Amino acid sequence: MLLDTHGRTATDLRVSLTDRCNLRCTYCMPEEGLSWLARPELLTDDEIVRLVRLAVTELGVTEVRFTGGEPLLRPGLAGIVARCAALTPRPRVSLTTNGIGLERTAAALASAGLDRVNVSLDTLDPDTFHRLTRRHRHGDVLRGLAAARAAGLAPVKVNSVLMPGVNDAEAPDLLAWAMEHGYELRFIEQMPLDAQHGWQRAGMVTADDILTSLRTRFTLTPEDTGRRGSAPAEHWLVDGGPHRVGVIASVTRPFCRACDRTRLTADGQVRNCLFAREETDLRGALRSGAGDAEIARLWRAAMWGKKAGSGLDDPSFVQPDRPMSAIGG
Ligand code: SAM
Ligand code: SF4
């Protein structure tokens, strides 16, 4: 098992498949992109599957989520999904994506064994989409979402980040739209993980702001008081249910005490927290011929050193060197 000194057990593995992306969301990346990892630095498909197998069979991981960068840009994605879904015990396999290309790939990914998908979409307005992502791809995302639903990747979740003065007034419209289309909406507070280090606590839209805005149109009833467990999202029933809405308030209502995550970057580094400043190099171990027992030992040691909290609430907080797109969000 992947234990730490604060009594937590990591069972949820996030694997970044690439640091590249076809959007340039302002809260994530600069306009010009980043200096991407060179291909030899990326884990190969076989290396990824070996590490996931080890995590699932030796280290107690039960959930595997592929992310990035944009994971749909990884050519071998369907094969990686299929090989991970074929493991015993079978982990739940999911994907976080911006949805571009999902229209073409959703059915194949579902057949390969993908269980669920989270699609990121922050606005219903194509011009606001361009302002937020610097690309004209709004229609692709909507078609990708519809394809995911048609492929049975249920529940299709939509992740939205609200930016002040850009799309923060859209929260009720986004919720009405998600309910109409059968998507489950979750708002994510903006975190200090952008490559440009532009995040400002005073300038962010908080969970309280989001709930206040939603309550102008909907009645929200807390769904899971006392039952949040390790789930980062708090949920509210909308107008008595059955629809619900989630808020992931990593900054103003952190859930570190119940965190069950372990992360693998596209270049094979284990991170025990999104906000960690240290990494453990599994790629080097893999490529120098380490056996499963040695790699498992390194992974356990990496998690054992996990800090109690993200440190976000501490004035001395220092943003990690790697941005979200390179860590895997
Ligand atoms: N490209 C894929 C996508 O956008 O879904 C996967 C990677 S992205 C880094 C994963 C999630 O992180 C997305 O839902 C995105 O909106 C969110 N995200 C990126 N930067 C963020 C930030 N600074 N604060 C909060 N969420 C962020
Ligand atoms: Fe790309 Fe996702 Fe970052 Fe947007 S949030 S730039 S889609 S990695």
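**Figure 1. The whole chain, judged by its radius of gyration.** A compact globule of 329 residues would have a radius of gyration near 20 Å, and the protein chain comes in at 19 Å, so the two agree. Keep in mind that this is a predicted model. Measured out along the principal axes, the C-alpha trace spans about 60 × 45 × 40 Å. Ten helices and 14 strands make up the secondary structure of the protein chain.

**Figure 2. Inside, outside and charge.** Of the 329 residues in the protein chain, 56% count as buried. Take the contacts with a separation of 6 or more: 72% of them come from residues 24 or more positions apart. On the outside, the protein chain exposes about 13700 Å², with carbon and sulfur atoms supplying 52% of that area. As for charge, there are 41 positive and 41 negative ones, and their mean positions lie 4 Å apart.

**Figure 3. Close-up of helix H7 and what covers it.** Helix H7 runs over residues 207-215, and its buried residues are Ala207, Ile210, Leu211, Ser213 and Leu214. Looking down the axis of H7, these buried residues fall within an arc of 160°, so they line one face of the helix. That fits the general pattern: an α-helix has 3.6 residues a turn, so residues three or four places apart point the same way. The cover over the buried residues of H7 includes helix H6 (171-181) along with strands E8 (184-188), E9 (220-222), E10 (233-238) and E11 (244-248).

**Figure 4. Close-up of helix H6 and its packing partners.** Here the buried residues are Ala171, Pro172, Leu174, Leu175, Trp177, Ala178 and Met179. They pack against two helices, H5 (138-150) and H7, and also against strands E7 (157-161), E8, E10 and E11. Follow the chain just past the end of H6 and you reach Gly182, which takes a positive phi of about 80°.

**Figure 5. Close-up of Ala110 in helix H3.** Ala110 sits in H3, the helix covering residues 102-112. Buried or partly exposed, which is Ala110? Buried would need a relative accessible area under 20%; Ala110 has 22%, so this residue counts as partly exposed. Setting aside neighbours within four places in sequence, Ala110 is in contact with Ala151 and Leu153. For another landmark, look to Ser94: 16 residues away along the chain, its C-alpha atom is separated from that of Ala110 by 9.9 Å.

Definitions and conventions. Residues numbered from 1 in each chain as written. Chains lettered and ligands numbered in written order. Predicted model: local features only at pLDDT ≥ 70, side-chain atom pairs only at ≥ 80, totals over all residues. Heavy atoms only, no water. Helix = DSSP H or I, 4+ residues; strand = E, 2+ residues; numbered from the N terminus. Rg over C-alpha atoms; globule rule 2.2 N^0.38 Å. Buried < 20%, exposed > 50% of the residue type's maximum accessible area, 1.4 Å probe, protein only. Contact = heavy atoms within 4.5 Å. Areas by Shrake-Rupley, 256 points an atom, 1.4 Å probe, with all protein chains shown as cover. Lys, Arg positive; Asp, Glu negative; His and termini not counted. Charge placed at Lys NZ, Arg CZ, Asp CG, Glu CD. Arc of directions from axis to C-beta.
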